[in-house]
Amino acid sequence: MSKQTPAGRAPKRVCAPLDDETADGLACGDMVSISGVIYTGRDAAHKRICEALAQGLPSPVDWSGQIIYYAGPTPARPGHVIGSCGPTTSGRMDAYTPMMLDQGLKAMIGKGPRSREVIGSMRRHHAVYLAAIGGAAALIATCVRSCEVVAYPDLGPEAIRRMEVVDYPAIVVVDARGNDLFESGPAAWRR
Amino acid sequence: MRDVTYGRIADEVARLCVEAACDLPADVERLVRAAAEAERSDFGRYAMDKVCANIDLARADGAPLCQDTGMVVVFCEVGQDAHVVGGTLEDAVNAGIARGYEDGYLRKSTVADPLFERTNTQDNTPGIIYTRLVPGDRVSLRVMPKGAGSENMSALRMLKPADGVEGVRRFVVDTVVSAGGNPCPPTIVGVGIGGNADKALQLSKLALLRTAGEPNPDARYAALEGEILDEINRSGIGPQGFGGLVTSLAVHIETYPTHIATLPVGITLNCHAARHKEVVL
(Lines give C-alpha, C1' and ligand atoms only; values in the text may rest on other atoms or scores of the structure.)
Protein backbone atom coordinates (compact mmCIF):
# COMPACT_ATOMS: atom_id res chain seq x y z
CA MET A 1 0.00 0.00 0.00
CA SER A 2 1.04 3.58 -0.56
CA LYS A 3 2.37 5.00 2.70
CA GLN A 4 1.41 8.50 1.71
CA THR A 5 -0.96 10.16 4.15
CA PRO A 6 -2.24 13.73 4.40
CA ALA A 7 0.48 16.14 5.42
CA GLY A 8 1.64 15.72 8.98
CA ARG A 9 -0.81 12.96 9.84
CA ALA A 10 0.89 9.71 10.79
CA PRO A 11 -1.71 6.94 10.93
CA LYS A 12 -2.84 5.73 14.36
CA ARG A 13 -2.60 1.98 14.73
CA VAL A 14 -5.92 0.35 15.55
CA CYS A 15 -6.27 -3.32 16.49
CA ALA A 16 -9.57 -4.95 15.61
CA PRO A 17 -11.79 -5.73 17.48
CA LEU A 18 -11.63 -2.60 19.62
CA ASP A 19 -13.02 -1.24 22.89
CA ASP A 20 -14.83 1.98 23.89
CA GLU A 21 -11.61 3.61 25.03
CA THR A 22 -9.92 3.08 21.65
CA ALA A 23 -12.98 4.33 19.80
CA ASP A 24 -13.25 7.39 22.04
CA GLY A 25 -9.56 8.13 21.41
CA LEU A 26 -10.13 8.56 17.68
CA ALA A 27 -10.93 12.01 16.32
CA CYS A 28 -12.56 13.07 13.08
CA GLY A 29 -9.76 13.51 10.54
CA ASP A 30 -7.41 10.96 12.11
CA MET A 31 -5.75 8.55 9.72
CA VAL A 32 -5.88 4.99 11.00
CA SER A 33 -4.13 1.78 10.07
CA ILE A 34 -6.25 -1.20 11.06
CA SER A 35 -4.89 -4.67 11.77
CA GLY A 36 -6.79 -7.65 13.07
CA VAL A 37 -10.12 -9.29 12.32
CA ILE A 38 -13.02 -7.45 10.66
CA TYR A 39 -16.29 -8.68 9.16
CA THR A 40 -17.91 -7.77 5.87
CA GLY A 41 -21.63 -7.19 5.64
CA ARG A 42 -23.87 -5.16 3.39
CA ASP A 43 -27.53 -4.71 2.44
CA ALA A 44 -28.82 -8.29 2.31
CA ALA A 45 -26.82 -9.47 5.33
CA HIS A 46 -28.08 -6.56 7.43
CA LYS A 47 -31.63 -7.40 6.44
CA ARG A 48 -31.18 -11.02 7.53
CA ILE A 49 -29.58 -10.07 10.84
CA CYS A 50 -32.48 -7.73 11.47
CA GLU A 51 -35.01 -10.47 10.66
CA ALA A 52 -33.17 -12.99 12.89
CA LEU A 53 -33.17 -10.62 15.85
CA ALA A 54 -36.85 -9.80 15.31
CA GLN A 55 -37.61 -13.53 15.61
CA GLY A 56 -35.55 -13.80 18.80
CA LEU A 57 -32.75 -15.67 17.02
CA PRO A 58 -29.06 -14.79 17.54
CA SER A 59 -27.00 -12.85 15.03
CA PRO A 60 -24.51 -15.16 13.25
CA VAL A 61 -21.66 -12.95 14.51
CA ASP A 62 -21.21 -11.51 18.00
CA TRP A 63 -20.78 -7.85 17.06
CA SER A 64 -19.46 -6.75 20.42
CA GLY A 65 -16.38 -4.57 19.79
CA GLN A 66 -16.27 -5.52 16.12
CA ILE A 67 -15.63 -3.55 12.97
CA ILE A 68 -18.01 -4.14 10.08
CA TYR A 69 -16.77 -3.46 6.57
CA TYR A 70 -19.46 -2.57 4.06
CA ALA A 71 -18.05 -4.54 1.16
CA GLY A 72 -18.82 -7.29 -1.31
CA PRO A 73 -15.57 -8.45 -2.93
CA THR A 74 -15.03 -9.82 -6.41
CA PRO A 75 -14.22 -13.57 -6.46
CA ALA A 76 -10.62 -14.46 -5.59
CA ARG A 77 -8.51 -15.41 -8.57
CA PRO A 78 -6.31 -18.51 -8.22
CA GLY A 79 -3.43 -17.79 -5.84
CA HIS A 80 -5.21 -14.83 -4.20
CA VAL A 81 -7.05 -14.79 -0.86
CA ILE A 82 -9.61 -12.31 -2.13
CA GLY A 83 -10.57 -10.33 -5.21
CA SER A 84 -10.90 -6.55 -5.37
CA CYS A 85 -12.47 -5.34 -2.16
CA GLY A 86 -13.30 -1.67 -1.72
CA PRO A 87 -16.04 -0.05 0.35
CA THR A 88 -19.65 0.29 -0.75
CA THR A 89 -21.98 3.22 -0.03
CA SER A 90 -22.67 3.21 3.72
CA GLY A 91 -25.89 5.23 3.59
CA ARG A 92 -27.79 2.17 2.39
CA MET A 93 -27.07 0.53 5.74
CA ASP A 94 -28.31 3.52 7.77
CA ALA A 95 -31.72 1.95 8.37
CA TYR A 96 -30.08 -1.05 10.07
CA THR A 97 -27.19 0.67 11.82
CA PRO A 98 -28.83 1.62 15.16
CA MET A 99 -29.79 -2.07 15.52
CA MET A 100 -26.17 -3.11 14.82
CA LEU A 101 -24.83 -0.57 17.31
CA ASP A 102 -27.26 -1.96 19.90
CA GLN A 103 -25.51 -5.31 19.30
CA GLY A 104 -22.21 -3.76 20.37
CA LEU A 105 -20.76 -2.89 16.95
CA LYS A 106 -17.93 -0.42 17.53
CA ALA A 107 -16.82 0.73 14.09
CA MET A 108 -17.94 0.76 10.48
CA ILE A 109 -15.85 1.09 7.34
CA GLY A 110 -17.52 2.35 4.19
CA LYS A 111 -17.82 5.34 1.92
CA GLY A 112 -20.10 8.36 1.80
CA PRO A 113 -22.05 10.23 4.49
CA ARG A 114 -24.30 8.87 7.26
CA SER A 115 -27.68 10.09 8.49
CA ARG A 116 -28.22 12.24 11.58
CA GLU A 117 -29.98 9.27 13.22
CA VAL A 118 -26.94 7.03 12.71
CA ILE A 119 -24.56 9.66 14.05
CA GLY A 120 -26.78 10.17 17.10
CA SER A 121 -26.79 6.44 17.76
CA MET A 122 -22.99 6.32 17.32
CA ARG A 123 -22.57 9.01 19.99
CA ARG A 124 -24.67 7.01 22.45
CA HIS A 125 -22.68 3.84 21.71
CA HIS A 126 -19.14 5.32 21.52
CA ALA A 127 -18.77 4.10 17.93
CA VAL A 128 -16.80 5.48 14.99
CA TYR A 129 -17.29 5.53 11.25
CA LEU A 130 -14.23 5.16 9.03
CA ALA A 131 -13.94 5.91 5.33
CA ALA A 132 -11.91 3.92 2.87
CA ILE A 133 -11.38 5.16 -0.69
CA GLY A 134 -14.26 4.08 -2.90
CA GLY A 135 -13.03 2.62 -6.16
CA ALA A 136 -9.54 1.80 -4.86
CA ALA A 137 -10.55 -1.84 -4.55
CA ALA A 138 -7.52 -3.59 -6.08
CA LEU A 139 -5.21 -1.60 -3.81
CA ILE A 140 -7.26 -2.23 -0.66
CA ALA A 141 -7.28 -5.99 -1.33
CA THR A 142 -3.50 -6.05 -0.75
CA CYS A 143 -4.20 -5.49 3.01
CA VAL A 144 -6.30 -8.65 3.29
CA ARG A 145 -4.42 -11.69 4.57
CA SER A 146 -7.29 -14.17 4.84
CA CYS A 147 -10.97 -14.27 4.02
CA GLU A 148 -13.58 -16.82 4.97
CA VAL A 149 -17.37 -16.85 4.57
CA VAL A 150 -18.90 -17.25 8.04
CA ALA A 151 -22.60 -16.66 7.37
CA TYR A 152 -25.20 -16.53 4.61
CA PRO A 153 -23.10 -18.19 1.88
CA ASP A 154 -26.14 -18.20 -0.42
CA LEU A 155 -25.85 -14.41 -0.63
CA GLY A 156 -22.67 -14.78 -2.70
CA PRO A 157 -20.88 -11.41 -2.73
CA GLU A 158 -23.19 -10.26 0.09
CA ALA A 159 -22.28 -13.14 2.44
CA ILE A 160 -20.68 -12.22 5.78
CA ARG A 161 -16.93 -12.75 5.58
CA ARG A 162 -14.36 -12.84 8.36
CA MET A 163 -11.21 -11.07 7.17
CA GLU A 164 -7.79 -10.74 8.66
CA VAL A 165 -6.32 -7.40 7.59
CA VAL A 166 -2.91 -5.83 8.09
CA ASP A 167 -2.44 -2.05 7.90
CA TYR A 168 -5.82 -1.37 6.34
CA PRO A 169 -5.80 2.42 5.78
CA ALA A 170 -8.85 4.50 6.59
CA ILE A 171 -9.87 7.97 7.74
CA VAL A 172 -12.00 8.66 10.81
CA VAL A 173 -14.87 10.54 9.16
CA VAL A 174 -17.36 10.48 12.06
CA ASP A 175 -15.99 10.20 15.57
CA ALA A 176 -17.75 9.10 18.75
CA ARG A 177 -18.57 12.73 19.57
CA GLY A 178 -20.44 13.12 16.28
CA ASN A 179 -17.89 15.26 14.41
CA ASP A 180 -18.46 14.62 10.72
CA LEU A 181 -15.87 15.19 7.98
CA PHE A 182 -18.62 15.00 5.34
CA GLU A 183 -19.98 18.22 6.88
CA SER A 184 -16.79 20.02 7.87
CA GLY A 185 -14.67 19.05 4.83
CA PRO A 186 -16.93 20.42 2.08
CA ALA A 187 -17.83 23.46 4.23
CA ALA A 188 -14.14 24.37 4.45
CA TRP A 189 -13.66 24.15 0.68
CA ARG A 190 -16.92 25.76 -0.52
CA ARG A 191 -16.20 28.81 -2.68
CA MET B 1 -25.83 -9.04 -46.27
CA ARG B 2 -22.81 -9.67 -44.11
CA ASP B 3 -22.89 -12.41 -41.46
CA VAL B 4 -21.81 -11.70 -37.89
CA THR B 5 -21.90 -14.79 -35.73
CA TYR B 6 -23.44 -15.27 -32.30
CA GLY B 7 -20.10 -16.74 -31.18
CA ARG B 8 -18.11 -13.73 -32.28
CA ILE B 9 -20.46 -11.32 -30.51
CA ALA B 10 -20.37 -13.38 -27.31
CA ASP B 11 -16.56 -13.62 -27.43
CA GLU B 12 -16.17 -9.87 -27.88
CA VAL B 13 -18.65 -8.98 -25.14
CA ALA B 14 -16.87 -11.35 -22.73
CA ARG B 15 -13.52 -9.75 -23.54
CA LEU B 16 -14.88 -6.20 -23.26
CA CYS B 17 -16.45 -6.93 -19.84
CA VAL B 18 -13.12 -8.08 -18.43
CA GLU B 19 -11.08 -5.30 -20.02
CA ALA B 20 -13.53 -2.65 -18.89
CA ALA B 21 -13.38 -3.89 -15.30
CA CYS B 22 -9.59 -3.81 -15.06
CA ASP B 23 -8.29 -1.22 -17.48
CA LEU B 24 -9.50 2.37 -17.09
CA PRO B 25 -9.93 4.05 -20.50
CA ALA B 26 -7.21 6.59 -21.39
CA ASP B 27 -9.64 9.53 -21.65
CA VAL B 28 -10.94 9.02 -18.11
CA GLU B 29 -7.48 8.34 -16.73
CA ARG B 30 -6.20 11.62 -18.16
CA LEU B 31 -8.89 13.56 -16.28
CA VAL B 32 -8.36 11.59 -13.06
CA ARG B 33 -4.62 12.29 -13.09
CA ALA B 34 -5.19 15.97 -13.87
CA ALA B 35 -7.61 16.11 -10.92
CA ALA B 36 -5.01 14.53 -8.66
CA GLU B 37 -2.60 17.30 -9.68
CA ALA B 38 -5.17 20.06 -9.25
CA GLU B 39 -6.54 18.98 -5.87
CA ARG B 40 -5.35 21.03 -2.89
CA SER B 41 -7.14 19.58 0.15
CA ASP B 42 -5.11 17.08 2.17
CA PHE B 43 -7.80 14.42 2.23
CA GLY B 44 -8.68 15.06 -1.39
CA ARG B 45 -5.07 14.61 -2.46
CA TYR B 46 -4.79 11.49 -0.35
CA ALA B 47 -7.91 10.01 -2.00
CA MET B 48 -6.70 10.89 -5.50
CA ASP B 49 -3.26 9.38 -4.82
CA LYS B 50 -4.95 6.12 -3.83
CA VAL B 51 -7.20 6.25 -6.89
CA CYS B 52 -4.19 6.73 -9.20
CA ALA B 53 -2.22 3.94 -7.51
CA ASN B 54 -5.27 1.70 -7.87
CA ILE B 55 -5.50 2.39 -11.62
CA ASP B 56 -1.87 1.31 -12.03
CA LEU B 57 -2.23 -1.79 -9.87
CA ALA B 58 -5.47 -2.94 -11.49
CA ARG B 59 -3.96 -2.64 -14.95
CA ALA B 60 -0.66 -4.33 -14.04
CA ASP B 61 -2.35 -7.11 -12.11
CA GLY B 62 -5.43 -7.67 -14.26
CA ALA B 63 -7.58 -7.01 -11.19
CA PRO B 64 -10.93 -5.18 -11.19
CA LEU B 65 -10.57 -1.47 -10.38
CA CYS B 66 -13.66 -1.63 -8.20
CA GLN B 67 -15.40 -4.56 -6.52
CA ASP B 68 -18.65 -3.25 -7.96
CA THR B 69 -18.15 -4.54 -11.48
CA GLY B 70 -21.65 -3.38 -12.15
CA MET B 71 -24.67 -4.35 -14.08
CA VAL B 72 -23.67 -4.32 -17.73
CA VAL B 73 -25.19 -1.74 -20.06
CA VAL B 74 -24.58 -2.56 -23.72
CA PHE B 75 -25.34 -0.19 -26.57
CA CYS B 76 -25.52 -2.16 -29.83
CA GLU B 77 -25.61 -0.51 -33.21
CA VAL B 78 -26.48 -3.04 -35.87
CA GLY B 79 -26.02 -2.22 -39.53
CA GLN B 80 -29.14 -2.91 -41.61
CA ASP B 81 -26.98 -5.00 -43.92
CA ALA B 82 -25.52 -7.12 -41.13
CA HIS B 83 -27.09 -10.47 -40.30
CA VAL B 84 -26.62 -12.00 -36.87
CA VAL B 85 -26.38 -15.77 -37.36
CA GLY B 86 -26.40 -18.66 -34.91
CA GLY B 87 -28.75 -17.07 -32.38
CA THR B 88 -30.23 -13.76 -31.36
CA LEU B 89 -28.20 -10.65 -30.66
CA GLU B 90 -29.52 -10.35 -27.09
CA ASP B 91 -28.72 -13.98 -26.31
CA ALA B 92 -25.20 -13.51 -27.67
CA VAL B 93 -24.63 -10.40 -25.57
CA ASN B 94 -25.92 -12.11 -22.43
CA ALA B 95 -23.83 -15.22 -23.13
CA GLY B 96 -20.80 -12.94 -23.40
CA ILE B 97 -21.62 -11.21 -20.12
CA ALA B 98 -22.05 -14.54 -18.33
CA ARG B 99 -18.73 -15.87 -19.63
CA GLY B 100 -16.82 -12.64 -19.02
CA TYR B 101 -18.01 -12.40 -15.42
CA GLU B 102 -17.24 -16.04 -14.69
CA ASP B 103 -13.88 -16.34 -16.44
CA GLY B 104 -12.77 -12.85 -15.42
CA TYR B 105 -13.54 -13.38 -11.70
CA LEU B 106 -15.85 -10.37 -11.74
CA ARG B 107 -18.57 -9.86 -9.16
CA LYS B 108 -22.04 -11.01 -10.11
CA SER B 109 -24.23 -8.19 -8.87
CA THR B 110 -27.57 -8.83 -10.57
CA VAL B 111 -30.67 -10.08 -8.74
CA ALA B 112 -33.58 -11.65 -10.63
CA ASP B 113 -36.59 -10.18 -8.88
CA PRO B 114 -35.98 -6.57 -7.86
CA LEU B 115 -38.48 -6.39 -4.98
CA PHE B 116 -39.30 -9.72 -3.35
CA GLU B 117 -36.72 -12.54 -3.42
CA ARG B 118 -33.76 -10.53 -4.78
CA THR B 119 -31.99 -13.78 -5.65
CA ASN B 120 -28.65 -13.38 -7.41
CA THR B 121 -28.79 -14.66 -10.99
CA GLN B 122 -25.24 -16.03 -10.47
CA ASP B 123 -23.92 -14.95 -13.88
CA ASN B 124 -24.58 -11.19 -13.87
CA THR B 125 -27.17 -11.48 -16.64
CA PRO B 126 -29.30 -10.07 -18.00
CA GLY B 127 -27.48 -7.00 -19.20
CA ILE B 128 -29.36 -3.83 -20.04
CA ILE B 129 -29.25 -3.91 -23.81
CA TYR B 130 -30.15 -1.08 -26.17
CA THR B 131 -30.18 -1.82 -29.88
CA ARG B 132 -30.36 0.62 -32.77
CA LEU B 133 -30.49 -0.16 -36.46
CA VAL B 134 -28.03 1.96 -38.45
CA PRO B 135 -26.84 2.08 -42.07
CA GLY B 136 -24.04 -0.27 -43.15
CA ASP B 137 -23.07 -3.86 -42.44
CA ARG B 138 -21.16 -3.46 -39.17
CA VAL B 139 -22.14 -4.28 -35.60
CA SER B 140 -20.78 -1.97 -32.93
CA LEU B 141 -20.89 -2.92 -29.26
CA ARG B 142 -20.31 -0.42 -26.48
CA VAL B 143 -20.05 -2.05 -23.07
CA MET B 144 -20.46 0.03 -19.93
CA PRO B 145 -20.38 -1.84 -16.60
CA LYS B 146 -22.26 0.52 -14.30
CA GLY B 147 -21.86 0.43 -10.54
CA ALA B 148 -24.85 1.12 -8.32
CA GLY B 149 -23.18 3.63 -6.01
CA SER B 150 -23.24 6.23 -8.76
CA GLU B 151 -26.39 4.89 -10.46
CA ASN B 152 -28.39 5.35 -7.23
CA MET B 153 -27.81 9.10 -7.53
CA SER B 154 -29.61 9.32 -10.91
CA ALA B 155 -32.37 11.89 -11.23
CA LEU B 156 -35.11 12.97 -13.60
CA ARG B 157 -37.03 16.21 -13.56
CA MET B 158 -39.71 17.35 -15.94
CA LEU B 159 -38.95 21.06 -16.01
CA LYS B 160 -41.25 23.65 -17.54
CA PRO B 161 -40.05 25.44 -20.68
CA ALA B 162 -40.12 28.64 -18.59
CA ASP B 163 -37.47 27.14 -16.27
CA GLY B 164 -34.98 27.49 -19.13
CA VAL B 165 -31.20 27.39 -18.87
CA GLU B 166 -31.24 28.51 -15.24
CA GLY B 167 -33.63 25.70 -14.30
CA VAL B 168 -31.40 23.11 -15.97
CA ARG B 169 -28.28 24.49 -14.32
CA ARG B 170 -29.92 24.54 -10.87
CA PHE B 171 -31.24 20.98 -11.17
CA VAL B 172 -27.92 19.51 -12.30
CA VAL B 173 -25.85 21.32 -9.69
CA ASP B 174 -28.32 20.49 -6.89
CA THR B 175 -28.37 16.83 -7.89
CA VAL B 176 -24.58 16.48 -7.86
CA VAL B 177 -24.18 18.48 -4.65
CA SER B 178 -26.87 16.57 -2.77
CA ALA B 179 -25.29 13.28 -3.91
CA GLY B 180 -22.25 14.39 -1.90
CA GLY B 181 -19.72 11.64 -1.28
CA ASN B 182 -22.11 8.82 -2.25
CA PRO B 183 -21.32 8.34 -5.97
CA CYS B 184 -17.52 8.17 -5.44
CA PRO B 185 -16.52 11.65 -6.61
CA PRO B 186 -14.85 12.97 -8.64
CA THR B 187 -17.67 11.99 -10.97
CA ILE B 188 -18.52 12.38 -14.62
CA VAL B 189 -21.97 13.94 -14.97
CA GLY B 190 -24.16 12.74 -17.84
CA VAL B 191 -27.07 15.07 -18.65
CA GLY B 192 -29.86 14.39 -21.13
CA ILE B 193 -32.03 17.34 -22.12
CA GLY B 194 -35.17 16.93 -24.22
CA GLY B 195 -37.17 14.02 -25.61
CA ASN B 196 -39.48 12.70 -22.91
CA ALA B 197 -38.90 11.22 -19.46
CA ASP B 198 -37.26 7.95 -20.55
CA LYS B 199 -35.44 9.55 -23.48
CA ALA B 200 -33.83 12.16 -21.24
CA LEU B 201 -32.44 9.49 -18.92
CA GLN B 202 -31.22 7.37 -21.83
CA LEU B 203 -29.45 10.42 -23.29
CA SER B 204 -27.76 10.95 -19.94
CA LYS B 205 -26.34 7.41 -20.15
CA LEU B 206 -25.18 7.94 -23.72
CA ALA B 207 -23.53 11.17 -22.58
CA LEU B 208 -21.29 9.09 -20.31
CA LEU B 209 -19.91 7.27 -23.35
CA ARG B 210 -18.59 10.46 -24.92
CA THR B 211 -14.79 10.84 -24.75
CA ALA B 212 -14.36 12.17 -21.22
CA GLY B 213 -13.95 15.94 -21.12
CA GLU B 214 -14.76 16.47 -24.80
CA PRO B 215 -17.24 19.35 -25.08
CA ASN B 216 -20.62 19.25 -26.79
CA PRO B 217 -20.13 20.29 -30.47
CA ASP B 218 -22.73 23.07 -30.03
CA ALA B 219 -20.87 26.03 -28.48
CA ARG B 220 -23.88 27.04 -26.34
CA TYR B 221 -24.11 23.60 -24.73
CA ALA B 222 -20.33 23.42 -24.42
CA ALA B 223 -20.39 26.70 -22.50
CA LEU B 224 -23.20 25.43 -20.27
CA GLU B 225 -21.21 22.24 -19.56
CA GLY B 226 -18.27 24.38 -18.46
CA GLU B 227 -20.41 26.65 -16.28
CA ILE B 228 -22.13 23.73 -14.56
CA LEU B 229 -18.81 21.96 -13.95
CA ASP B 230 -17.36 25.11 -12.46
CA GLU B 231 -20.31 25.58 -10.14
CA ILE B 232 -20.21 21.93 -9.04
CA ASN B 233 -16.53 22.26 -8.25
CA ARG B 234 -17.14 25.36 -6.16
CA SER B 235 -19.38 23.26 -3.87
CA GLY B 236 -16.35 22.01 -1.94
CA ILE B 237 -17.52 18.37 -1.84
CA GLY B 238 -14.23 17.16 -3.26
CA PRO B 239 -12.86 13.66 -3.80
CA GLN B 240 -14.95 11.07 -1.90
CA GLY B 241 -16.88 13.94 -0.26
CA PHE B 242 -13.95 14.71 2.07
CA GLY B 243 -13.83 18.37 0.97
CA GLY B 244 -11.75 19.80 -1.84
CA LEU B 245 -11.58 21.38 -5.25
CA VAL B 246 -12.50 18.51 -7.55
CA THR B 247 -16.03 17.11 -7.24
CA SER B 248 -16.62 16.33 -10.92
CA LEU B 249 -14.25 15.67 -13.79
CA ALA B 250 -16.59 16.61 -16.63
CA VAL B 251 -20.19 17.44 -17.50
CA HIS B 252 -21.52 15.98 -20.75
CA ILE B 253 -24.84 17.20 -22.13
CA GLU B 254 -26.72 15.36 -24.89
CA THR B 255 -29.94 16.71 -26.36
CA TYR B 256 -32.98 15.66 -28.38
CA PRO B 257 -36.02 17.54 -29.72
CA THR B 258 -38.87 17.75 -27.26
CA HIS B 259 -42.57 18.62 -26.90
CA ILE B 260 -43.73 22.25 -26.83
CA ALA B 261 -44.96 21.81 -23.25
CA THR B 262 -41.93 20.28 -21.59
CA LEU B 263 -38.23 20.43 -20.78
CA PRO B 264 -37.17 17.00 -19.48
CA VAL B 265 -33.76 16.69 -17.83
CA GLY B 266 -32.22 13.32 -16.93
CA ILE B 267 -29.00 12.93 -14.96
CA THR B 268 -26.75 9.91 -14.57
CA LEU B 269 -23.52 10.09 -12.60
CA ASN B 270 -20.50 7.94 -13.18
CA CYS B 271 -17.82 7.40 -10.54
CA HIS B 272 -14.15 8.13 -11.20
CA ALA B 273 -13.80 4.50 -12.36
CA ALA B 274 -15.87 5.37 -15.44
CA ARG B 275 -15.50 2.13 -17.29
CA HIS B 276 -16.41 1.53 -20.91
CA LYS B 277 -14.98 -0.43 -23.85
CA GLU B 278 -16.14 -0.77 -27.39
CA VAL B 279 -15.57 -2.73 -30.57
CA VAL B 280 -16.82 -2.64 -34.16
CA LEU B 281 -17.40 -6.02 -35.82
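Let's start with a pair of strands: β1 (residues 2–5) and β3 (residues 82–85) of chain B run parallel, joined by four bridges. Across that pair, B:Asp3 sits opposite B:His83 of β3(B). This is a predicted model, so everything here describes a prediction.

Stay with β3(B) for a moment. Which of its residues are buried? B:Ala82 and B:Val84 are, and they point to one face. B:His83 and B:Val85 point to the other face and are not buried. That fits a broader pattern: in a regular strand, side chains alternate between the two faces of the sheet.

**Chain B as a whole**

Stepping back, chain B has eight helices and 10 strands. Its radius of gyration is 19 Å, close to the 19 Å that the globule rule gives for 281 residues, so chain B is as compact as a globular protein of that length. The C-alpha trace spans about 55 × 50 × 40 Å along its principal axes. As for burial, 53% of the 281 residues of chain B count as buried. Take the contacts in chain B between residues at least 6 apart in sequence: 81% of them join residues at least 24 apart.

**Two domains**

The domain assignment splits chain B into domain 1 (2–20 + 65–146) and domain 2 (149–274). Their C-alpha centres lie 26 Å apart. Where they touch, domain 1 of chain B gives eight residues and domain 2 of chain B gives six. On the domain 1 side, β2 (71–79) and β5 (139–146) of chain B each supply at least two residues, and the largest share, three residues, comes from β5(B). That side divides into five nonpolar residues, no polar ones and three charged ones.

**Two open sheets**

One open sheet has four strands in the order β4-β2-β5-β10 (chain B), with mixed pairing. At its edges are β4 (128–134) and β10 (277–280) of chain B, each paired on one side only. Neighbouring strands are turned by 10 degrees against each other on average, direction ignored. Within this sheet, β2(B) and β4(B) pair in the parallel sense over seven bridges, and B:Cys76 stands opposite B:Thr131 in β4(B).

Another open sheet of four strands runs in the order β6-β9-β7-β8 (chain B), again with mixed pairing. Here β6 (155–159) and β8 (248–258) of chain B are the edge strands with a single partner each, so one side of each has no neighbour in the sheet. The twist averages 15 degrees from one strand to the next. Nine bridges join β7 (residues 187–195) of chain B to β8(B), and these two run parallel. In that pairing, B:Ile193 has B:Thr255 as its bridge partner.

Helices pack on both sheets, and here is how they line up:

| Helix of chain B | Strands of chain B touched | Angle |
|---|---|---|
| α1 (residues 6–22) | β2, β5 and β10 | about 35 degrees with β5(B) |
| α4 (residues 89–103) | β2 and β4 | about 140 degrees with β2(B) |
| α7 (residues 197–207) | β6, β7, β8 and β9 (263–270) | about 145 degrees with β7(B) |

**Meeting chain A**

How many residues does each chain bring to the contact between chain B and chain A? Chain B brings 46 residues and chain A brings 42. On the chain B side, helix α3 (residues 42–61) makes the largest share, with 12 residues. The residues of that side divide into 19 nonpolar, 18 polar and nine charged.

Methods
Residues are numbered from 1 along each chain as its sequence is written. Chains are lettered from A and ligands numbered from 1 in the order in which they are written. This is a predicted model: local features need pLDDT of at least 70, side-chain atom pairs count only at pLDDT 80 or more; totals for chains, interfaces and linings use all residues. The radius of gyration is taken over C-alpha atoms; the globule rule is 2.2 Å times the number of residues to the power 0.38. A residue is buried if 20 or more other C-beta atoms lie within 10 Å of its own, exposed if 12 or fewer, and partly exposed in between; C-beta atoms are placed from the backbone. Two residues are in contact if their C-beta atoms, placed from the backbone, lie within 7 Å. Ala, Val, Leu, Ile, Met, Phe, Trp, Tyr, Cys and Pro count as nonpolar, Asp, Glu, Lys and Arg as charged, and the others, Gly among them, as polar. Two strands pair if DSSP finds at least two bridges between them. Axes are lines fitted to C-alpha atoms, for helices over the stretch in contact, and angles run from 0 to 180 degrees between N-to-C directions. Domain bounds come from an automatic or database domain assignment.
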